[in-house]
Amino acid sequence: MVAGTHSGVGKTSVTLGLIAALRRRGLVVQPFKVGPDFIDPLHHQHASGRPPRNLDGWMLDAATNRACFARASADADVALIEGVMGLFDGSEGGSECGSTAEMAKLLGVPVVLVIDAGAMARSAAALVHGFVSFDPALTVAGVVLNNVGGEGHAAMIRDAVAGAIPILGAVPRSAHILVPERHLGLHLPHETRSEYVEQLATLVERHVDLEALLAAGAIERPAAPPTAPSAPATVRIGLARDEAFCFYYADNLELLARAGAELVEFSPIRESLPDGLDGLYLGGGYPELHAQELSDNSETREAVRAFAAAGGPVYAECGGLMYLATTLELDGATYPLCGVLPFGTRMPAPLTLAYVDVTTTGGLFGTGLGARGHLFHFSEISGDVPAARCFRLETTRGELAEEGYHLHDVLASYAHLHFASNPRLAEAFVERCRAFAER
């Protein structure tokens with residue numbers, strides 16, 4: 001588990017460097033991310049060549065997290081998990097719920113703590129001591145010093161720590177390798193310099209003791225639980241996947257396939273809607289960065305609108321909701337989009353960020369299903385909203401709302417739901433697609 005003292009210490013850079021450096025040794029590395037984030041896992045996949053997995057102590061129960069970890073890492077040499085925020089930060093201040101520490105203990109995985117040593121010397125020892133002693137039930141196997149000024153700086157910190165915990169590496173300042181950020185997080189892998197992962201790998205190889213790190217992290221391989229057999233693929237669900245729509249939990253897609261769906265990928269930016277579809281899944285992403293191209297592809301916009309009008313089941317999350325709206329207002333410009341939903345969206349808007357507990361009250365998934373997910377968006381709905389609601393939503397702050405916009409057999413929501421929190425969601429979606437195909 002690669003954890004940090006707080007956000008911004010370099011967890012993702014160290015994680016990517018470790019993944020790539022270990023791959024250079026011929027090892028198969030399975031990446032994981034603690035928390036609901038989509039963007040860091042895309043970088044993990046770019047570095048590892050394997051589908052990343054999200055582990056989350058709030059969205060998913062303990063058994064589901066353990067099963068996901070064991071199943072995804074069953075054929076890997078190394079399971080490498082990037083934490084979320086600071087080591088002990090989670091969904092609330094009074095407990096470890098949703099934190100990196102909670103997940104490390106749940107899985108029995110030792111922690112490698114990354115600290116930003118850029119403006120510290122002996123004080124780094126006090127920081128390390130506090131993190132190591134805060135929770136005796138947690139195993140902190142070692143420390144990686146990031147952003148050090150040179151060998152002399154690193155030596156001062158090593159002397160201050162005085163062997164109390166292994167210093168597994170001291171990575172120098174390398175501002176030229178930084179991945180730039182924007183409103184939802186890091187730029188996506190295709191937008192960054194192609195060599196950034198290899199540069200991070202070289203940096204880690206030179207400045208981190210990989211043998212000591214692997215030894216400190218060795219655990220018994222967890223037994224993978226049996227996987228339920230997949231149903232035969234009886235429906236075709238179009239999956240929007242390109243630079244604009246790329247936020248999907250791997251478990252969501254696997255659960256849909258297990259329920260009997262063949263997922264047919266297409267790009268709403270540059271491709272036509274595939275023929276013979278029985279459903280559509282429009283995930284989140286960055287439609288605002290590609291508004292002109294999405295608007296220009298009028299053939300696909302019109303095909304999506306016709307599919308929905310014919311009663312085709314459509315599930316859209318966040319960016320997918322924006323694509324289904326009539327228009328997107330962005331920085332003074334207005335872009336026509338699919339017009340499936342009877343309202344528009346606009347950006348920028350105040351940040352909405354929260355875990356959510358959802359109960360379905362109708363629509364695509366039916367009634368009475370509970371599921372968990374999260375909200376993270378800078379857009380908002382503009383104008384009146386005549387569509388019916390089909391979600392009752394509660395955030396971890398206790399805020400209540402009616403959400404989930406239902407029209408025909410279309411369900412669009414700002415909530416990113418994790419289907420593993422209730423696999424019945426995937427089954428219900430596939431059943432709707434099957435009923436549409438039969439009609």
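The following exchange concerns a predicted model and its helices, cores and strands. Residues are numbered from 1 along each chain as its sequence is written, and side-chain values use heavy atoms, with hydrogens and water left out. Local features need pLDDT of at least 70 and side-chain atom pairs count only at pLDDT 80 or more, while totals for chains, interfaces and linings use all residues.

Reader: Is T12 buried or exposed?

Author: T12 lies in helix α1, residues 11-24; helices are DSSP runs of H or I with at least four residues, strands are runs of E with at least two, and both are numbered from the N terminus. Buried means under 20% relative accessible area, exposed over 50%, and partly exposed in between, with a 1.4 Å probe and protein chains only. Because its relative accessibility is 14%, T12 counts as buried.

Reader: How is α1 oriented against helix α8?

Author: Axes are lines fitted to C-alpha atoms, for helices over the stretch in contact, and angles run from 0 to 180 degrees between N-to-C directions. The axes of α1 and α8 (residues 210-217) are 12 Å apart, at an angle of about 100°. Angles under 35 degrees count as roughly parallel, over 145 as roughly antiparallel, 65 to 115 as roughly perpendicular and the rest as oblique. Therefore α1 and α8 are roughly perpendicular.

Reader: Which helix gives the most residues to the largest nonpolar core?

Author: A nonpolar core is a set of buried Ala, Val, Leu, Ile, Met, Phe, Trp, Tyr and Cys residues joined through side-chain atoms within 4.5 Å. The largest one has 81 residues, of which Y281, L324, F365 and F419 touch the most other members. With 7 residues, the helix that gives the most to this core is α13 (residues 424-438).

Reader: Which strands stand at the edges of the open sheet ordered β17-β16-β18-β21?

Author: Two strands pair if DSSP finds at least two bridges between them, and the pairing in this sheet of 4 strands is mixed. Strands β16 (residues 327-330) and β17 (residues 333-336) run antiparallel with 4 bridges, whereas β16 and β18 (residues 344-347) are parallel over 3 bridges. Each edge strand has a single partner, so one side of it is left without a neighbour in the sheet. The edge strands are β17 and β21 (380-382).

Reader: Which residue of β18 stands opposite L330?

Author: L330 has A333 as its bridge partner in β17. In β18, the residue opposite L330 is M347.
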